Structure formats: C-alpha cells, structure tokens
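Biologist: I'm new to this one. Please show me how to read it, feature by feature.

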Amino acid sequence: MKYYEFKFIFKPKNEIVSDILMSVLGDVGFESFVEEDDVLKAYIQQSLFNKEELQTSINQFPIEVDAIDYTYTEAEDKDWNEEWEKNFFKPIIIDDLCAIHSTFHTDIPKVKYDIIINPQMAFGTGHHETTSLILNELLQMDLQNKAVLDMGCGTSILAILASKRGAKPITAIDIDSWCVDNSKANCQLNQITDIDIKLGDASILKDEKPFNLVIANINRNILLQDMDKYVQVLQEKGKLLMSGFYTEDIAILQEKAESLGLHFVKTNHKNNWACLLVQK
Ligand SMILES: C[S@@+](CC[C@H](N)C(=O)[O-])C[C@H]1O[C@@H](n2cnc3c(N)ncnc32)[C@H](O)[C@@H]1O
C-alpha cells in the first residue's frame, strides 16, 4: 500500500489539541500517528487522501486554535499501522491484576485478567486516559452475571474486561464498521464467544433487554444527545459509566443525567479527561 506521511504543526502545542487533531484526522482516513517533539506525524493511504476534505475538517476544527499547518511527502512503502502497533503500542499492566497487550508482545507477567488487543485502526488500546479511567472502574465493580452494554466499543477492550470479570450477557455497539470487525477479531483472540457485537448507534437500542451497567466512552455531545436512550435500557438501580469528555464537562453531563432521573455516584479524572458514574 502506498502512503503519504504528513507533518502537522499546530498552536497552541498541547495534548488537548493533539488528541482532537488525531481524532479529526482519523475521521478523514488517517490511520496512524506518531507524536514527536514539535510535530505530529500522520499516515494515510494515498488512495484515501482528499485534500479538500482535510482542509474542511481543519477549517471546522472543534475548538479554537491559533494555527494548524502541514506538509506531506510520499512515505516509504510499508504498513504504517503495523509499524505503529509494533513500535508505539506498549503493553499496559494495571496493579499486577490486568495486562493489555498485543499478540506480538512477549514477557507479559502472569495476571488475573490478560487481554489481547490488536487495535489496527480502532480506538481502544488502553493508553488513552478515558479508556484507562473506565478500565479502572471496571476492575473495582462487581460484574458477576451483570448484563453490560459497551456503547462505542472501539476495540471492545472494555467489553472484553467486563466478560473476563464475569459479566453476562454483554452487548458491544459501535457506529464504525471497522470497529465492529476489529471487536470481533479481538473477541476471537481472547477466546470470548458470547459478546454480541453490533453496528449502529443509540437508535438500535430499542430492541435491547435492560442492562445492569451501560458503559459509554464516546464524547460530550454524543453522550448529551443519546443519554436518554441509554437510560431507557438501564434496569432499576442500573449504572451508567461515561467518559470521553473533559473535567469541565462533568457538570453538564451530571445535570443531564439528573434530569433523566439518575443520581451521582462518583467521578474521576486523569490529565483533564474525566469519567462519571451515575445510577438509576
Ligand atoms: C473514544 S472511542 C472509545 C473506544 C473504546 N470503548 C475505549 O474505551 O477505548 C469512541 C468510540 O465510539 C464510536 N462512536 C462514535 N459515535 C458513536 C455513536 N453515536 N454511537 C455508537 N458509537 C459511536 C467511535 O467509532 C469510537 O470507536
């Protein structure tokens, strides 16, 4: 496959802009990213590159920035996504209890919950703050025989940990067909056969049976838009665990949850990213 290598320079140079830029670029076909001192390198298959689409997404950047500039060249002919996985996806070990790693990682310590993820292009290696905030909550909850919905499942890393912690039945849903395929592959790698993986958004929830726990790591606007549909599939006393937003957004999400009859349980944060747990 032929790729372009882009170098993005942006101001202000901070993690929030960098995270949002990666997400915006992901939406227009970029596959993998390497953060270096003062540039973000990004790789896209030449056949998928559309200059106008890229410029439109930069012009409509979701937060105010001083500048986003780029240059690009033809990249050396190799699978940049595979390169990224090999060089930048490092194993994660949480409290000697849970390990998340890829098939090519060796020397993984023996832990109770060993999760294999080959992320390819799907979000969810456990490295992002929002994923790690939710993984930590899942490690503390009693999930035995609990019905769980993982909304915006990405790689299905969260659904897989829930399954390993005894949750069942589990449904995992994502709006992106790439994520659905990647979730199926990751379930196979972890020998999990009973997660029901579906393509769609909150509109397909009306046919679901009630859940004890709904997890949704998406983003502030989708959560505000779809929270009522998540609540409709929550059992009495069921919990809704959300992430994908910044600490300054906790209040608006909590307010929305309370307007839907839920009450606050706890919140946590990491590098300005937050999670919120509410209960019916
Ligand atoms: C931040 S990623 C989280 C992935 C994974 N759950 C994790 O925690 O690492 C958000 C995921 O939500 C999906 N998504 C975006 N909008 C959605 C929607 N309206 N309904 C369902 N999934 C959505 C995206 O495709 C993406 O895979």
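**Reading the features**

Modeller: Let's start at Pro12, which is found in the loop between E1 and H1. Keep in mind that this is a predicted model.

Biologist: What kind of peptide bond joins Lys11 and Pro12?

Modeller: The general idea comes first: most peptide bonds are trans. The bond between Lys11 and Pro12 is cis, with omega about 0°. There is also a cis bond from Lys168 to Pro169, where omega is near -5°. Pro169 is in the loop between H5 and strand E9, residues 170-174.

Biologist: Before we go on, what average pLDDT does the protein have?

Modeller: Here's the rule for reading it: where pLDDT is low, the predicted coordinates should not be read in detail. In this model the average is 91, and 94% of the residues score at least 70. The other scores are ipTM 0.99 and pTM 0.76.

Biologist: Now the helix after that loop. What span should the 13 residues of H1 have?

Modeller: Helix H1 covers residues 15-27, and at 1.5 Å a residue it should span 18 Å. Its end C-alpha atoms are 18 Å apart, so expectation and model agree.

Biologist: Which residues of H1 are buried?

Modeller: In general, an α-helix has 3.6 residues a turn, so residues three or four places apart point the same way. In H1 the buried ones are Val17, Leu21 and Leu25. They sit on the same side of H1 because they cover an arc of only 65° around the axis. Glu15 and Asp27, on the other side of H1, are exposed.

Biologist: What covers the buried residues of H1?

Modeller: The cover includes four strands: E1 (3-11), E2 (30-35), E3 (40-45) and E4 (67-74). As for what follows H1, look at Gly29, which has a positive phi near 105°.

Biologist: And Met22 in H1: how many other C-beta atoms lie within 10 Å of it?

Modeller: Met22, found in helix H1, has 19 of them, so it is partly exposed, as 20 or more would be needed for buried. Val34 in strand E2 has 16 C-beta neighbours inside 10 Å, so Val34 is partly exposed as well. Val34 and Met22 are 12 residues apart in sequence, and their C-alpha atoms are 9.9 Å apart in space. Now try Met22 with Ser203: they are 181 residues apart in sequence and 27 Å apart, C-alpha to C-alpha.

Biologist: Which domains does the assignment give?

Modeller: There's domain 1 (3-84) and domain 2 (89-279). Taken over C-alpha atoms, their centres are separated by 26 Å.

Biologist: You mentioned phi for a glycine. Where does Lys237, with its positive phi, lie?

Modeller: The background is that most residues other than glycine have a negative phi. Lys237 lies in strand E12, residues 234-246, and its phi is near 70°. It has 8 C-beta neighbours inside 10 Å, so Lys237 counts as exposed. Asn272 is another residue that is not a glycine but has a positive phi, about 75°. Asn272 is in the loop between strand E13 (263-270) and strand E14 (273-279). With 14 C-beta neighbours inside 10 Å, Asn272 counts as partly exposed.

Biologist: Which residues does the UniProt annotation "binding site" cover?

Modeller: The record, an unreviewed entry, lists Thr131, Gly152, Asp174 and Asn217. Treat that with some care, since such annotations may be inferred rather than shown by experiment. Thr131 is in helix H4, residues 129-140, and Thr131 counts as buried because it has 24 C-beta neighbours inside 10 Å. The buried residues of H4 also include Leu133, Ile134 and Leu138. You can check the span of H4 as you did for H1: its 12 residues should span 16 Å, and the end C-alpha atoms are 17 Å apart, which agrees.

Biologist: And Gly152: is it buried or exposed?

Modeller: Gly152 has 26 C-beta neighbours inside 10 Å, so it counts as buried. Its place is the loop between strand E8 (148-151) and helix H5 (157-164). Leaving aside neighbours within four places in sequence, Gly152 is in contact with Asp174, Ala216, Asn217 and Ile218. Among those contacts, you'll recognise Asp174 and Asn217 from the UniProt annotation.

Note on methods. Residues are numbered from 1 along each chain as its sequence is written. This is a predicted model: local features need pLDDT of at least 70, side-chain atom pairs count only at pLDDT 80 or more; totals for chains, interfaces and linings use all residues. Helices (H or I, at least four residues) and strands (E, at least two) are DSSP runs, numbered from the N terminus. A residue is buried if 20 or more other C-beta atoms lie within 10 Å of its own, exposed if 12 or fewer, and partly exposed in between; C-beta atoms are placed from the backbone. Two residues are in contact if their C-beta atoms, placed from the backbone, lie within 7 Å. The expected span of a helix is 1.5 Å times one less than its number of residues. The arc is that of the directions from the helix axis to the C-beta atoms. Domain bounds come from an automatic or database domain assignment. pLDDT is the predictor's confidence in each residue, from 0 to 100.
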